[in-house]
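Trainee: I'm new to this one and would like a close look at a single part. Could you walk me through the salt bridges and then show me how they fit into the rest?

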Amino acid sequence: MKGNDYLRYMTEQVVTYLDLPKEEKRKRKKRYKRTNDVYQSRWFGVLPFTFKLWYKKRNGK
């Protein structure tokens, strides 16, 4: 892929995202946040989850 093709592709992606309604953007953001937690535990095991729970319990959140 040449530089011009890549620039065209990226421009199309940005314009497509900007044309989305607010509700669709919110849905995507929520979906990303849900999958983000899965990848943390998949890549690093249960340890980050344990620290997160311990921190919340300790600070009363």
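Mentor: Sure. Searching the whole structure turns up 2 salt bridges, and keep in mind that this is a predicted model. Side chains of opposite charge can pair when their charged atoms come close.

Let's start with the pair in helix H1. Here the side chains of Asp 5 and Arg 8 meet, with 3.8 Å from N to O. That counts because the cut-off for a salt bridge is 4 Å. Asp 5 and Arg 8 sit 3 residues apart in H1, so about one helical turn separates them. An α-helix has 3.6 residues a turn, so residues three or four places apart point the same way. How exposed are the two partners? Asp 5 is partly exposed, at a relative accessible area of 36%, and Arg 8 is partly exposed as well, at 48%.

Now for the other pair, which belongs to helix H2. Arg 26 and Glu 23 bring their side chains together at 2.9 Å, again N to O. Both of these residues lie in H2, 3 residues apart, or about one turn of the helix. Arg 26 is partly exposed, with a relative accessible area of 48%, and Glu 23 is partly exposed with a value of 48%.

How far can you trust the two helices that carry these pairs? H1, residues 3-18, has the highest confidence in the protein, with a mean pLDDT of 90, while H2, residues 22-44, has the lowest, with a mean of 77. Where pLDDT is low, the predicted coordinates should not be read in detail. For the protein as a whole the mean pLDDT is 82, and 82% of the residues reach 70 or more.

Stepping back, the protein has 3 helices and 0 strands, and from the N terminus the elements run α-α-α. Just 2% of the 61 residues count as buried. The accessible surface adds up to about 6,300 Å², and carbon and sulfur atoms account for 59% of that.

That brings us to helix H3, which covers residues 47-59 and includes Tyr 55. H3 has 13 residues and spans 18 Å from its first C-alpha to its last, close to the 18 Å expected at 1.5 Å a residue. Right after H3 comes Gly 60, which has a positive phi, near 70°.

What makes up the nonpolar surface patch? Leu 47, Phe 51, Trp 54 and Tyr 55 form it, and it covers about 480 Å². Tyr 55 is partly exposed, with a relative accessible area of 44%. Patch residues need over 30% relative accessible area, so Tyr 55, at 44%, clears that cut-off.

Technical notes:
Residues are numbered from 1 along each chain as its sequence is written. This is a predicted model: local features need pLDDT of at least 70, side-chain atom pairs count only at pLDDT 80 or more; totals for chains, interfaces and linings use all residues. Side-chain values use heavy atoms; hydrogens and water are left out. Patches are made of residues with over 30% relative accessible area and no salt bridge: like charges are joined within 9 Å, nonpolar side chains (Val, Leu, Ile, Met, Phe, Trp, Tyr) within 5 Å. Accessible areas come from the Shrake-Rupley method with a 1.4 Å probe; for residues, only the protein chains shown count as cover. Helices (H or I, at least four residues) and strands (E, at least two) are DSSP runs, numbered from the N terminus. Buried means under 20% relative accessible area, exposed over 50%, partly exposed in between (1.4 Å probe, protein chains only). The expected span of a helix is 1.5 Å times one less than its number of residues. pLDDT is the predictor's confidence in each residue, from 0 to 100.
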